[in-house]
Amino acid sequence: MSLRRLLPVAATAATAVVLLLGRAVAGTQDAAVGGLPELVAAAERICEVEVLEAVSARLDDGTIETRYSLRTLTPIKGVAASVQELRMPGGEVAGRGLVVPGVPRFAPGERTVLFLTRATEGKAWRLPVGLERGTMRVLPGAQPRVLVQRAHDAAPEVVDRDTFVAEVLDEVARQRR
Amino acid sequence: MTPSSPRSSTRSPVSGADLAAAQADGERPATHLLRRALVALAALALVAGLGAYVRIRVDGTTLYWQDPSGISWRWSAAGSDDVEDGSDALAVARAFASWEAAPGSRAAFFREVDTLSRDWAGPTHLVLFDEDGSTGWFPPSAGVVALTPLSYATSDGRILDADVIFNGRDYAFSTDGTPGSFDIQDVATHEIGHLLGLDHVPLPDASLWPWVAAGEWRHRSPSSDDRAGAAALAPRGDPGRLLGTVVDAQGTAISGARVSALSLPDHTVAASVLTRDDGRFTLRGVEPGDYLLHVAPVGGAFSAANLTGNTPMRSDFGAFFFGGWAAPTLLTVSNGVLHDVGLLTAPPQPTLTESLATARQLRPGESDWVLVPVSGAPAGTTVEARGPWLSIGAVQQYGNVLRCETWVAAGAPPGAYDLYLRTPAGELTVAGGAVEVIAPEPRLDALQPYSGSPNGGEIVTLHGDGFQPDGWVLFGGVEAQAVEFIDVGTLRATLPPAAPAQVDVTVLNPDGQETRLAEAFRFTATPTLDSLVPVAGQATGGSRILLQGAWLGAATEVLLDGVPLAVEVLGGQVLRATTPAHAPGAVTLELRNPDSPPLVVPDAFTYVEAPDPVVTRFTPDRGSRRGGTRVALRGDGLGGTVQVRFGVDSASGTGGAPGSELTVLGDGEVQATTGGVSSPGSYGVLVTTATGQGTLVTGFVYDEENRAGAGCGGVIRGGAPPDPLSGLLELALLPAAWWLTRRRRPRTAVAGIPADASAATRG
């Protein structure tokens, strides 16, 4: 591997991915994923958000990103767990579109619990850890529920939203200890 | 396969770890599994089920290539930092080729010249490894192994650009199954599916299954479902199509239902497709033949979130065969024919649901327990297979797992096979693709011949078993120029050009299996000798000799009478060596390359009593390229000079032409007149004595204009020079220029180069 890989930051990231996400069934075609503890450990920020707006923009290098304006409903993990904007690759601008199979998209009004990576340098893109695995959609209704997939090889389950958020908060607290 | 209405549960589903543990636990899986809860009842849009090629759709627009038969791609030559032998590019090329081989598809790729560019944002369809995160596509800890960004025209979905980017920063990659690494061909095959315009599919057997494990190789080539997808987006000719509409008992369209065609008589899953929002489906890409059709919900670990377009997927209905379980309707697909099966009405959601997430791999002739996670299975639930190849024995239920003994008959064709769960009430659930039959493991036993030329081009026959058509053969990591499939036990490969070495031979089957025979082939490179200058030297040793030929390099050993010489590589297949002391007389020259027969030249070199001639200076040191310059060479031991050769190649001592009007003025001086050369420049001068000894001096310059007399030449001498790196090559040589030009050997191993230097010099 290149010398840059030996840089502490990169090494830390690689170690986190390999050790935290890559055990047992080591990964996914598009994303390596583990259970909830691994998701919590790998995510820099975790928060329940509501998508307010999605605006696509073309960058100088020709790529297209979508900037989601978010309202943080529940900050769960991170120095600034209240996320106002999330930039992700993909979108449509001026007759041209960019799509990345596996990268989730959100619609205004959608509510979700996001397990987000650190931002990339330059583009400031963040992705949900494990792509769809780090995207727990909140199902609308009087009693909010969350669609939770606890492992890549397990069927998703519908969990009471409050119960799930409490579970994630407990895991965050446990890992802090 | 089961239905699944929205289900609510805080219990954890049965996980892969549970299944593995249950498998390992053998007799008591229930104990283990019961600690886990019931399989969670459904989630909106998900559920067990498998299969179904899916084309990428964005907001209702399907992406497509305007000309899928001419998609270019370019390899970013830096490749993977983890692979040093170039096999990374070959693995990617094989992945492209495996998609091209899809029957019924005209999708084709051509590889442009490799590039050093990493500009994935440009119009080139680049395949590259991001080793430092500089592309910006891989945020830290994202867990993304590779991805394929696709640019498209929003007006019609036409794909404008696509690149495949591997996350080399966070993951190790390999082509040889290195533990803990991801297989490049396996990952590339998946990403190329995206590049073609295919989305993830809910079939573990398929390359486009969203997840991969380190060391996984099964998806090195597309599955039948993937191939059907390739045929659907780039059909060759006018293939047949199956279409219809799936509705529930109320007549409401069911979206996201999986409609599968089972190939007869094998009952393998040939292709599947998901119904659209209006419940309609069109199944393309199946080859002409007879099929059964069944419809089932999609589920398990796969959900709408795995699809680019977030396509809605209903799961609140039951599985069924078109025509019924007992006597399903046989459908014959022919080219150019459209079969509309009309409205297919799904039964209500059954009580039994399954959440299969992995396929059990078995080879023909094998048997094992297959585990199917279920919930709501009533007593008396049976597990069945259809067709001639799979048979089910005992079925045991341990909590939320049905464990069924499964045999695969010898001769069963590779592919995905469903298991069918039926309750006493007759409800059907499909464990889609629960068994993946994989071909027998290949085995390479021997090669004939087991050695060949590094030039390549020779035909080698490989003997073994389990070979498949359209496979590849690697000689030391270099792909054979061509591979001909004779039968499962025999391949014929055309050798590639390669460096001389003993190499491993690898056979790669298109299904991803491979076999390697260590050090099975030897690229033999017996050196050839075109010239030896001089052909004689002083018995005290220290004479410098120059050897020119083919397959001469750093690994070449030079021996005189069995004694190794210190060798220096001058480039251009020229070696320079220094002789040891030896009694007078002719000796054998031997040239050896590793793993190759040596070249033995009897009496190639002669030791003589007389000291080597030495030239210490010459004047003038330049002259007209047209010749005619009178040159005086001074030194020692020049009394026996029989030839002064001008215009000689300074490195090898070859070429040039004898000077005229040779005058020997005693041991200390000799004079001769230059001949012409074709190009101006600096050349060597070779002095040869009657014994065959000689000395090569360098630095005589031929000018366009006659500037003869301007200066004099530098130090030259025979024997061991005081400074071997001097600008003026000082070689004590026995020049045998005549011998070089008149006794040039063909570029094959030769034995016996006569060393009659005197005669040669005179000639």
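**Note on the predicted model: aromatic contacts and confidence in chain B**

1. In this predicted model, the charged end of Arg386(B) sits over the ring of Trp325(B), 4.3 Å from its centre. Likewise, the charged end of Arg94(B) sits over the ring of Trp472(B), at 5.8 Å from the ring centre. The criterion is NZ of Lys or CZ of Arg within 6 Å of the ring centre and within 35 degrees of the ring normal.

2. Across all chains there are 22 aromatic pairs (rings of Phe, Tyr and the six-membered ring of Trp, centres within 6.5 Å; planes under 30 degrees apart are stacked, over 60 edge-to-face, the rest tilted). Phe129(B) and Phe173(B) are edge-to-face, 5.3 Å centre to centre with 80° between the planes. Phe129(B) lies in strand β5 (residues 126-130) of chain B and Phe173(B) in strand β10 (residues 173-174) of chain B, so the pair ties together parts 44 residues apart in sequence (strands are DSSP E runs of at least two residues, numbered from the N terminus).

3. Phe129(B) is buried at 0% relative accessibility, and Phe173(B) is buried at 2% (buried means under 20% relative accessible area, 1.4 Å probe, protein chains only). Both belong to one aromatic cluster with Trp75(B), Phe166(B), Tyr171(B) and Phe182(B).

4. Chain B averages a pLDDT of 81, and 85% of the residues score at least 70 (pLDDT is the predictor's confidence in each residue, from 0 to 100). Over residues 707-763 of chain B the pLDDT is below 50. Where pLDDT is low, the predicted coordinates should not be read in detail.

5. Residues are numbered from 1 along each chain as its sequence is written, and chains are lettered from A in the order in which they are written. Local features need pLDDT of at least 70 and side-chain atom pairs 80 or more, whereas totals for chains, interfaces and linings use all residues; side-chain values use heavy atoms, without hydrogens and water.

Note on methods:
Contact = heavy atoms within 4.5 Å. Helix = DSSP H or I, 4+ residues; strand = E, 2+ residues; numbered from the N terminus. Buried < 20%, exposed > 50% of the residue type's maximum accessible area, 1.4 Å probe, protein only.
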